[in-house]
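Please go through this structure with me by question and answer, beginning with its surface and then moving to its fold, its interface and some single residues.

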Amino acid sequence: VTANAIAQVAIYMAVVVAITVPLGIYMERVFTAKPTFLDPALLPVERAIYRFCGIASETEMSWGGYAIAMLLFSLTGMLLLYLLERLQWYLPFNPQGLPGVPPSLAFNTAASFTTNTNWQAYGGETTMSYLTQMAGLAYHNFVSAAAGIAMAITIIRGFVRRSVKTLGNFWFDLVRATLWILLPACLIFSMVLIWQGVPDNLSPYTQDTTLEGATQVIAQGPVASQEAIKELGTNGGGFFNSNSTHPYENPTPLSNLLEMLSIFAIGAGLTYTFGLMAGDVRQGWALFAVMALLFLTGAFTAIHFEQRGNPNLAQLGINLAPSATQSGGNMEGKETRFGNTDSALWATITTDTSCGAVNAMHDSFTPLGGLVPMVDMQLGEVIFGGVGSGLYGMLVMAVLSVFIAGLMVGRTPEYLGKKIESREMKLAMLYVLIFPALILGFAALAVALPAGLAGITNPGPHGFSQILYAYTEGAANNGSAFGGLNANSNFYNWTLALDMLPGRFMMAIPALAMAGSLGPKKSIPPSAGTFPTNGALFVGLLIGVILIVGALTFFPALALGPIVEHFLMTGGILS
Amino acid sequence: MSVMLDLLVVVTTAAFFLTSIAYVAGCTRL
């Protein structure tokens, strides 16, 4: 790993740490209804929404009521998006005259954007009208992210409230997350992106003549306004097919850095919000430390393998060394303006979170460089994670960790003063087990059926990696494409939709239930036998549990894909 | 044909969310 790479990662991490505290404080104020500087502008809007929708925002909900409100809200949004896609031909803001989206692709896309996955089996500029992009996809970018933040906040309430059966109001949390956090942040970030050269218009596509005299169609559209929420909401669905490799989505080194920062921003800030709501910011920093250490390990691993490149090329006399004139290493599928470091760093960031935006093609990474994004997702998207879902996933892992620690020393496990008992452990197991069941189950189905095998473009272990990656990003609600898999088929559209939906909702439900189970419990004051959950020992234990749960479950599948491909490459059998 | 597929999508979506609501009920009784 070059000194330049170390410096870039260090600068990136330092800025993430710097924004965590102010963002965390602001979000805590928003969700506990303390005054904020945006109140004069937003309180009247909030009140108007509640009045228009007939919402009693002060009414507290049980965890079950909260979950059902979230489910019905998502169901309605998903069906409306499906309808919009199917009928876009008859609707305005369609200057290219794009036809209605076919049913299986529309279903896949509706499931994808409702679950905050934003997997795209389509090319945006050739499939979706401006109206579908703005009123359908961008709408879900906001509300699916807001629903994730809302769920994280309500789950924190379950952990920190004492002897209370209710956990807040879903509509209050949803509206606040959208109005106070996502909309203002996206407004500012969109302006910055426009300054950097990202277009935002409703014009027909431009036709131009290239230097060689050929005619080229240059896609246009409301890009900047959707680019901001794509990263801030850890959505990841690009306006254009090639996502953030496209110069209209990610034109400059500064836009690249800011987009990477905005992917981590809210997830990092929520750890501090958690610490504040728990009454001990060190609890939040402990979770932050776990996330940061796992992130740095993944980032440097991916950068190392991408900088080293393919040894078979070096044997042919090709110069892979980094220099002032070339990035060196493995540059297949990468933008020369980003090089190895920023491509591998972005890949780690986008898969640690459930973002899934890409600025390089993960399919073209070296086998072990490409293993890192896959493992990041398989660890359960808890490394900053999806906005909201990352934090509550980490809290489930924290509960598992204190349970294991309790078993070791023979004491009743506690977390934040709440006793962890059999009900919480059953719910934690439901949360943990459905994830690998979805990924490995669907991957096994795909490799067993001709319809699944038909999507593979590279035979052998790399083809298996393509399938494993696809169902991993689906269940993890990540949405990044490994690339190379022909996924716009009935088989992949349906199975990936049925992979994404439980990956979001069937995992959120047990997490909410756990909060509902902890909320009514009394808080026990710490004693000499209490395992402190705000120190280095807990950080180490939590990292161990996350790695063991992820690594043990997925190691055999990884051995069949990227690991064996690495040995075949180094042995000179595969180039 | 496409109307039948539309219907299949709507039924599948509704079935999934109904199952999720039943899952909420199941987790309540756990």
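Q: How much surface does chain A expose, and what share of it do carbon and sulfur atoms supply?
A: In this predicted model, local features need pLDDT of at least 70 and side-chain atom pairs count only at pLDDT 80 or more, while totals for chains, interfaces and linings use all residues. Residues are numbered from 1 along each chain as its sequence is written, chains are lettered from A and ligands numbered from 1 in the order in which they are written, and side-chain values use heavy atoms, with hydrogens and water left out. Accessible areas come from the Shrake-Rupley method with a 1.4 Å probe, and for residues only the protein chains shown count as cover. On that basis chain A exposes about 20,600 Å², and the share supplied by carbon and sulfur atoms is 68%.

Q: What does chain B have for accessible surface, and what part of that belongs to carbon and sulfur atoms?
A: Chain B has 1 helix and 0 strands, and its C-alpha trace spans about 45 × 5 × 5 Å along the principal axes. Its accessible surface comes to about 1,800 Å², and the part belonging to carbon and sulfur atoms is 81%.

Q: Why can chain A be called as compact as a globular protein of its length?
A: Chain A has 19 helices and 4 strands, where helices (H or I, at least four residues) and strands (E, at least two) are DSSP runs numbered from the N terminus. The radius of gyration is taken over C-alpha atoms, and the globule rule is 2.2 Å times the number of residues to the power 0.38. Chain A is as compact as a globular protein of that length because the rule gives 25 Å for 575 residues and its radius of gyration, close to this, is 23 Å.

Q: What percentage of the residues in chain A is buried?
A: Buried means under 20% relative accessible area, exposed over 50%, and partly exposed in between (1.4 Å probe, protein chains only). Of the 575 residues in chain A, the buried ones make up 61%.

Q: What share of the contacts in chain A with a separation of 6 or more comes from residues 24 or more positions apart?
A: Contact means heavy atoms within 4.5 Å. Among the contacts in chain A with a separation of 6 or more, residues 24 or more positions apart account for 77%.

Q: Which three residues of chain A supply more of the area buried against chain B than any other three?
A: The size of an interface is often given as the accessible area lost when the parts come together, and buried area is here the accessible area (1.4 Å probe) that two parts lose on being put together, summed over both. In this model 27 residues of chain A are in contact with 19 residues of chain B, and the two chains bury about 2,100 Å² between them, 83% of it on carbon and sulfur atoms. The three residues that supply 23% of the area chain A buries against chain B are A:Arg423, A:Trp494 and A:Met506.

Q: Is A:Phe384 buried or exposed?
A: A:Phe384 is found in the loop between α13 (367–378) and α14 (389–409) of chain A, and its phi is near 70°, a positive value in a residue other than glycine. With 1% relative accessibility, A:Phe384 counts as buried.

Q: Where in chain A does A:Leu416 lie?
A: A:Leu416 is not a glycine, although its phi is positive, at about 55°. Its place in chain A is the loop between β3 (414–415) and β4 (418–419).

Q: Which residues does A:Gln307 touch, not counting residues up to four places away in sequence?
A: A:Gln307 lies in helix α10 (residues 281–308) of chain A and, at 15% relative accessibility, counts as buried. With residues up to four places away in sequence left out, A:Gln307 touches A:Val1, A:Thr2, A:Ala5, A:Leu320, A:Gly329, A:Asn340 and A:Thr341.

Q: What distance separates the C-alpha atoms of A:Phe555 and A:Val375?
A: A:Phe555 has its place in helix α19 (residues 536–570) of chain A and is partly exposed, with a relative accessible area of 49%. Although A:Phe555 and A:Val375 are 180 residues apart along the chain, the separation of their C-alpha atoms is 9.3 Å.
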